[in-house]
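Work through the exercises below with the sequence and the 3D view side by side. Try each task before reading its solution.

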There are 2 protein chains.
Amino acid sequence: MKTYSLCLLASALAAAPLASAPPLLTDGMRADVASLVASGKATDGAYETIRELLEAAGPRLAGSPGDALAVAWGVRALKARGFVNVHAEPVTAPHWERGDESGELLLPIPLKLSLCALGGSVGTAPEGVEADVVEATSLEGVDALGEKAKGKIVLIWKVMERASEGSGYGATVPIRSSGASRAAKVGALAVVIRSVGTSDARFPHTGALNYTEGVAKIPAAALAVNDADLLHSYLSKGMRVRLRMKLGARTLPDVQTANVVGEIPGREKPGEIVLVGGHLDSWDLGMGALDDGAGCGIAIESARLVGKLPARPRRTIRVVLFANEENGLAGGRAYAKAHADELGRHVAAVETDSGAGRVRGFAWSAGPATEPLMKELGAALAPSGLGEVRKGGGGADISPMRAAGVPMFSPVQDSSRYFDIHHTADDTFDKIDREELNTGVAAIAALLYTLAETETPIEKIPEAERERRRR
Amino acid sequence: MKTYSLCLLASALAAAPLASAPPLLTDGMRADVASLVASGKATDGAYETIRELLEAAGPRLAGSPGDALAVAWGVRALKARGFVNVHAEPVTAPHWERGDESGELLLPIPLKLSLCALGGSVGTAPEGVEADVVEATSLEGVDALGEKAKGKIVLIWKVMERASEGSGYGATVPIRSSGASRAAKVGALAVVIRSVGTSDARFPHTGALNYTEGVAKIPAAALAVNDADLLHSYLSKGMRVRLRMKLGARTLPDVQTANVVGEIPGREKPGEIVLVGGHLDSWDLGMGALDDGAGCGIAIESARLVGKLPARPRRTIRVVLFANEENGLAGGRAYAKAHADELGRHVAAVETDSGAGRVRGFAWSAGPATEPLMKELGAALAPSGLGEVRKGGGGADISPMRAAGVPMFSPVQDSSRYFDIHHTADDTFDKIDREELNTGVAAIAALLYTLAETETPIEKIPEAERERRRR
């Protein structure tokens, strides 16, 4: 009994300061938040913006014709939607080209394989690489192959698990980024991985690899999961598996591309910036609808809706469509460098790069003093299904600003289907559901507005938490 | 009141003969049917048979290496499962090869297209065919293009509707079979169609076309629905659309392939035959898992289970794995010709070629005297969810036997997802659900047994209904 009473007392005391403090969201702000949620859920703007980008540019890997078309589109699109200070900021980016590619199983049966080079891979000789296949199921398993890998093609067969938050990705993607160099260390001629993806559709999933300095660069490709599973089945029975693949991939001299920027000027503190962005580039195989046409659409439309309020918010909202996220992060790095002097005035940076799935709230990374505001906003959004607020916001493009302590935000989003499509030829406009997409517009519009309007300071990320993190 | 009483009376009279007649399914037969349903639902046999075929042969279009591997596998597999009189019967079949192929959008943006030649298409010149695109939404619309089609590539954009029984296929497939010749008649250089399929996955769907005698043969390809919809969107806005495609397709001299046959001999009337079959060939793009590995697996396993009963049924069950269904029906025609003399002793022919979806019963085509037996069997199967019995059974491979009046049967099956996968590279083993597949094994085993055991004559298809029909 005594314990129980003490608990009640402690609880009452803890709640007291909150209960007695004036709300951080004023009645006027609450009304604006409600209005933005309603207009976000009803808009056609994000959906049509994505369609427009895809139809104007198509796939848009840095250095490709689509990349240049996308930058031109971005400038036009932001101007057409009423943003000001619209301009393109130069970015020097890697230029990798896929070229023609093919793969075929030679033993135990002849079969055309569904594969694609990983981004950044070297090509094969024109006649291709042909060898027997040995298998590992992890990077440590590749190391353990030792002599057995010499002169062979190594298959890394690891299954990515489906999860609502896409957590299976982090657990599997190291085979993509590090598999080639690990296999090269044990003498392999090439590496093929089971695609890092969650669907059983027969598309290979591309994505960047990283070659380790000082290790031979060997060609690396992803097999569609079905093809990888077939090879795995043969190898599990002790059968000889032999394949040939030709990759026309090559890295060309760096290219000039651009981040596209536009603003809704703040009414009182135009020098203070709430940044929101997605990335304008995409992998080359698909149309970049989910990755990251959706993020561009959400960023642009949510900012536009805030700008349409009867009174613009206090601070400037700056939309940034980042270049070259997929293949080097040159856009995010260039932004942080070019704007180093004003990062102290970046009140917040919001990144939208997790597809078009249903948004349930947002994640935040900032100093602890920011928590009460986040909680109030979460409570205000809860009746709309957007109130799931948690710590841990961030994103690849905004990560270079982390060292300056810029508070970071991102949607809390259902990614359970995202990795079905991610980095495949199947990333096309039809994969976007307008109603689900608009949950993101509603949540991000409310968040942008609150960050740009609040008189509560948004505390910088504490020094101890500023080490760079990439998603 | 009077009308009501008369109805009751008529109803009582109509029911009387059925009520007083002895049941056509004896107690022993009912017990065997129940046992087959139970073993069909529990077996691993069909699933593992399909896996074995796919791993042994891969894609298996007539004339391909996989086709020869499949015939060899079929003979091995039937022997290994205890069938007797196992042999391959020669079939002369068309030999069409896809070769390399590619397509690219040139205007309004550069884009690699997802397309494939339709089966039987002529190739393009090595440099490809390049032209502006004009659109029609039906074959009549192609005719109506008239002069506008001259020197152009015609896009036929027609959406296939999803339906449980796959009825959208029949409504759409004429654009595939006849589109090329219709477009050639109005002077088109080539034709591209929106894939005849129901999924939004970015796979083109191949399938056979038929060139009309006396009309120029022009190259014909299917675009993935996403790519077709993109072109449609541009054209709907009045934009100029230009594309280039290269098709390496060609028809080579006819090849020798084979129908694979094996039997479970009847214990009393071995000369009377109940045939069950699927087709061993497949299109070249995928692994032919649903089309028609599944049908082969169901046919083989259901017959095997009947053969495992304590007493084999009265009549012979003959499994036929037909050659070349996809690209000419040479296997079905060769069978009917080679066995013309014994078609009179074909009591029934059952075809399984609608994928691996859930089976709810079976359809039958026979004389009306057969109806009471069908109804009794349906009633016996109803508690197992397999009792949906209706008229209209048949199939492509067995259709050449229709002229001889051979009664025809096929599963009543959920095909609502079948046309997502059908004729694409995505037709792979992982698309098969064992539990759904086994509903087919259970239903077909019960049907085969009943047809092979019953003392009730199975009446031939009436003369008036024997005109050939293809599915």
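**Exercise 1: the sheet**

Trace the open sheet of chain A and find its edge strands.

Solution. Eight entries make up the order: 8 strands run β1-β10-β12-β11-β13-β16-β14-β15 (chain A) in an open sheet with mixed pairing. Strands (E, at least two residues) and helices (H or I, at least four) are DSSP runs, numbered from the N terminus. Two strands pair if DSSP finds at least two bridges between them. The edge strands are β1 (84-97) and β15 (388-391) of chain A, each pairing on one side only.

This is a predicted model: local features need pLDDT of at least 70, side-chain atom pairs count only at pLDDT 80 or more, and totals for chains, interfaces and linings use all residues. Residues are numbered from 1 along each chain as its sequence is written, chains are lettered from A and ligands numbered from 1 in the order written, and side-chain values use heavy atoms, without hydrogens and water.

**Exercise 2: one strand pair**

In which sense do β13 and β16 of chain A pair?

Solution. Strands β13 (346-351) and β16 (408-413) of chain A pair in the parallel sense, over 2 bridges. In β16(A), Met408(A) is the bridge partner of Ala349(A).

**Exercise 3: the two copies**

How is chain B laid on chain A?

Solution. Apply a turn of 180° and a shift of 0.0 Å along the axis; the RMSD is 0.0 Å. The fit is by least squares on C-alpha atoms of residues with pLDDT of at least 70 in both copies. The two copies are therefore related as by a two-fold rotation axis. In chain B, the C-alpha of Ala201(B) is nearest the axis, 3.9 Å from it.
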